[in-house]
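Time for a fresh page in my notebook. I wanted to look up cysteines, a helix and a record entry, one at a time.

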Amino acid sequence: ISPYQSPLELWMIKTGRDGLLPAPDPDDIQSPLYWGTLLEPKVAEAYAKITGNKVRRVNAVLQHPDDDKPWMLANLDYAVVGNDDVQILECKTTGQHGAKLWADGVPEYIQCQVQHQLAVTGKQAADVAVLICGQELQIHRIERDEALIAHLYELEREFWQLVEADTPPDPDGSDSAGNALQALYPQDKGETVDLTDNPAMEGDFN
């Protein structure tokens, strides 16, 4: 459900086809990726100063402990140390355009990301610290939601079945899906594709 990455692009990454996708330039100072990477430690530092919580950088890919969920992996930004109320810190940065997504609190796709992290780690709560337009720091608490986690389990299991079957998910009409399709099918072979049964894609051409 990320507005920046479609299921099709994620499927390409998980099936080892990410080499076909355009690689982001980590040194491009016009890229949100550049500034997000640069400012993430400062966001964590400011969070620690404001809350008094101690944080520790996590340099590992964590895996769900259940044998039937080996595909559930999580990359954490920071762990919150010695606090019974919150155990994870997720750091974000956003500019003027992305700030609109935060007008009503944590965007849904980030809530799902954090619930996924809580599911993998077994932790109970996470703080999301977001730096908006380089000058406003917001801190949001997300508590573990078992109902949402159960729903995520099913959605992620269905997606992983597509990965194991090497079957791409339907494109969703997003720019990300368009880039993925172009990477998968770089040459126009003159074939016609019927999008009648795919409203998301059909709408892009009407």
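Here are my entries, in the order I wrote them.

**Ground rules.** This is a predicted model, where local features need pLDDT of at least 70 and side-chain atom pairs count only at pLDDT 80 or more, while totals for chains, interfaces and linings use all residues. Residues are numbered from 1 along each chain as its sequence is written, and side-chain values use heavy atoms, with hydrogens and water left out.

**Cysteines.** I looked for disulfides (pairs of cysteine sulfur atoms within 2.5 Å) and found 0. Why does Cys91 have no bond? Its closest cysteine sulfur, in Cys133, is 17 Å away, too far for a bond. I also noted that Cys91 is buried, at 7% relative accessible area; buried means under 20%, with a 1.4 Å probe and protein chains only. For Cys112, the closest cysteine sulfur is in Cys91, 19 Å away and again too far for a bond. Cys112 is buried too, at 14%.

**Helix α1.** Helices here are DSSP runs of H or I with at least four residues, and strands are runs of E with at least two, numbered from the N terminus. I found that α1 spans residues 7–14, with Leu8, Glu9, Trp11 and Met12 buried. Down the axis of α1, these fall within an arc of 160 degrees (taken from the directions from the axis to the C-beta atoms), so they line one face of the helix. They pack against α5 (146–165) and α6 (175–184), with contact meaning heavy atoms within 4.5 Å. After α1 I met Gly16, whose phi is positive, near 80 degrees.

**Record.** UniProt lists residues 2–124 as "domain: YqaJ viral recombinase" in an unreviewed entry; such annotations may be inferred rather than shown by experiment. Over residues 2–124 I noted 37% helix and 17% strand, with the end C-alpha atoms 23 Å apart.

Notes:
Buried < 20%, exposed > 50% of the residue type's maximum accessible area, 1.4 Å probe, protein only.
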